[in-house]
Structure formats: structure tokens, C-alpha cells
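Take a moment to turn the model around on your screen before reading on. Then let us walk through it together, one part at a time.

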Amino acid sequence: MIRLAPSILSADFSKLGEEIRLLENSGIEYLHADVMDGHFVHNISMGIPVIESIRKMTDMTLDVHLMISNPEMYIENFANAGADIINVHQEACVDGILSVVKSIKRLNKKAAVTIKPQTNYTSVLDILEYVDMVLVMSVEPGFGGQSLIPSTLSKVFNLANHISKHNLKVDIEVDGGVNASNISDVLNAGANVIVVGSAVFDAPNKARAIADFNDIIYKFEENHEGIDFWKRRNKK
Ligand code: DX5
Ligand code: ZN
């Protein structure tokens, strides 16, 4: 199953509730929340109170992307705040990411390992059996509205092949610079959770932008129904 995960970093925070309702009314099921601490990345965005407030007003799957140093210190806070999926950067886990992943799973949340553009995909292969998703950054983390770095899609392709070959049940999320003209490349590489920020929230008509993305995804799934890799990936 391919899903869009709109990133609220690009939303109008003065009417966040309204923006989230629009996503719900457009059939969106995943909400991507970018948490930045001004240390791991050179930006500060939102924290636990925002996740708590969003949790109160929607049943959408909260896909929380932690761009913070020492994420292990905050896993429980974000789990209690209502995160459903907690994405931690492999580069932020100085004592190794496996213990952080295991603590997320112990809290009955989905665990995702995240890698920056310059981090090799091979660095996460040994923990794929423990995670629910790999988040491949297609831009340098820290800001919305950047351009997708095409070379990151070869990491997606290699990860997708490894996951398929080892028959793992791991989603691949791509995050950064995705728009209507490159989403097919992202899907062809093997991603099945697609973050879209500015391409939705900066669009003149947000609902239309989402509908256009959904048309592309629907056609892609129709054309790839027969391929073993996709059939296997879609079986959850
Ligand atoms: C960047 C964030 C992304 C970003 C996506 O550090 O992780 O989720 O908000 O926004 P766009 O789609 O505009 O690149
Ligand atoms: Zn993100």
C-alpha cells in the first residue's frame, strides 16, 4: 500500500487544526510531523505540546520525524504525546540505534530508522529486521521547500531490493523535495510512504494537489499490480 504523508512543517501554524481537517477530508491517513531541536539540524520547529494537541484532534497516523540530538531521551515523551511512528536518525544515535529502536517497540509504537542523504544505505541493513520503516531523506534535513537530491533514490532502490530479497516487512519512506513531477521516480525506486510538504501546503489549491498525487499513485499501483516485488510489499 502506497501512502502520502503530508509534512505539517509547511502548514500555516496559525490554523493548524483547519489544515489537518483538510488533509483528513482529502482521505489522507498519515501525518508527518517534523521535530527539530536547533542542534541536530539548524532549525527549530515543534515539540511535544504540538504533538499532544494534534493527537487530541485527529485519528490520523502520526508519523513523527525526530531531527534531534539524543533522541533516546525523548522517545517515551513522544510516545506518550501520541506518536504512532517514531523516526530516529541513525546519525543521532551515538551509542547505536538498535537500543533506541527496541525502546520504541517496547512502547508499542512503530519504529523507523532515518538516514541523511550522505549516509550509506548499508549502514541500516543489520537492523531492518527490527524496524517497521526506513526513512530515506531526499534532502538535507532541516527545512521544507528544498529540491530532491536524485542520487538518494538509488539508496531507495537498493533498500527495496534488499527488503524484497529477504522478504522483510519494512516500509520505505522518502522525505524531501517530492512533487508531482518526481513522485513517479520515487515510486519506481521502491518507496511506499511519500512525504509531501511544500508541494501540498504551498499549492494554490491543497485539496487539488492531494488529488493529483493520489491519481499518480493510483495509476502506479494499477500498473504494478502483477510485479512480485509490489505484490509482496503490499501484503501486510
Ligand atoms: C525536512 C523535513 C521534511 C520536509 C518536507 O527536514 O524532514 O519532512 O518538511 O518538506 P518538502 O516536501 O517541502 O521538502
Ligand atoms: Zn521529515
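The paragraphs below visit a metal site, some strands, a few single residues and the empty spaces. Keep in mind as you look that this is a predicted model.

Let us start with the metal. Which residues hold the zinc ion (ligand 2) as protein donors? They are His32, through NE2, Asp34, through OD, His65, through ND1, and Asp175, through OD. These donors lie 2.1 to 2.3 Å from the zinc ion. The site has 6 donor atoms in an octahedral arrangement, with angles among them of 71 to 177°. If you look for the donor residues along the sequence, you will find the spacing H-x1-D-x30-H-x109-D. Histidine 32 belongs to strand S2 (residues 30-36) and aspartate 175 to strand S7 (residues 171-175), so this pair ties together parts that are 143 residues apart in sequence.

Are these two residues buried or exposed? A residue counts as buried when its relative accessible area is under 20%. Histidine 32 has 0% relative accessibility, so it counts as buried. Aspartate 175 counts as buried too, because its relative accessibility is 6%. Strand S7 also contains valine 174, which counts as buried because its relative accessibility is 1%. From valine 174 to leucine 187 the distance is 13 residues in sequence and 9.3 Å in space, C-alpha to C-alpha.

Next, find strand S5 (residues 110-115). Of its 6 residues, 5 are buried, which leaves this strand mostly covered. S5 pairs with strand S4 (residues 85-89) in the parallel sense, over 5 bridges. In this pairing you can spot valine 88 opposite valine 113 of S5. To get from S4 to S5, the chain passes through helix H4 (residues 98-106), making a right-handed β-α-β crossover. S5 is also joined to strand S6 (residues 133-137), by 4 bridges, and these two run parallel. Here valine 113 turns up again, standing opposite valine 134 in S6. While you trace these strands, a general point may help: in a regular strand, side chains alternate between the two faces of the sheet.

Now for the spaces inside the protein. How many cavities of 30 Å³ or more does a search of the whole structure find? There are 3 of them, and the largest has a volume of about 190 Å³. It is lined by 25 residues, and the closest to its centre are Ser7, Phe143, Gly144, Asp175 and Gly176. You have already met Asp175 as a donor of the zinc ion. Among the elements that each supply at least two residues of this lining are S2, strand S3 (61-67), strand S8 (193-196) and helix H7 (198-201).

There are pockets to look at as well. The largest pocket holds about 210 Å³ of space. Its lining includes Met1, Ile2, Arg3, Leu4, Tyr30 and Tyr218. Strand S1 (3-6) and helix H8 (206-223) each supply at least two lining residues, and the largest share, 4 residues, comes from H8.

Finish with leucine 16, found in helix H1 (residues 16-25). Leucine 16 counts as buried because its relative accessibility is 12%. Leucine 16 and asparagine 223 are 207 residues apart in sequence, and their C-alpha atoms are 36 Å apart in space.

How values were computed: Residues numbered from 1 in each chain as written. Chains lettered and ligands numbered in written order. Predicted model: local features only at pLDDT ≥ 70, side-chain atom pairs only at ≥ 80, totals over all residues. Heavy atoms only, no water. Donors = N, O, S within 2.8 Å, 3.2 Å for Na, K, Ca; no water. Tetrahedral: all angles 85-135°; square planar, octahedral: opposite > 155°, others 65-115°. Buried < 20%, exposed > 50% of the residue type's maximum accessible area, 1.4 Å probe, protein only. Pairing = 2+ DSSP bridges. Right-handed = clockwise from strand over helix to strand, strands pointing away. 1 Å grid on protein atoms, 1.4 Å probe; cavity = no way out; pocket = protein on both sides within 12 Å on 5 of 7 lines; lining within 4 Å. Points joined across faces, edges and corners; volume = space filled by probe spheres on them.
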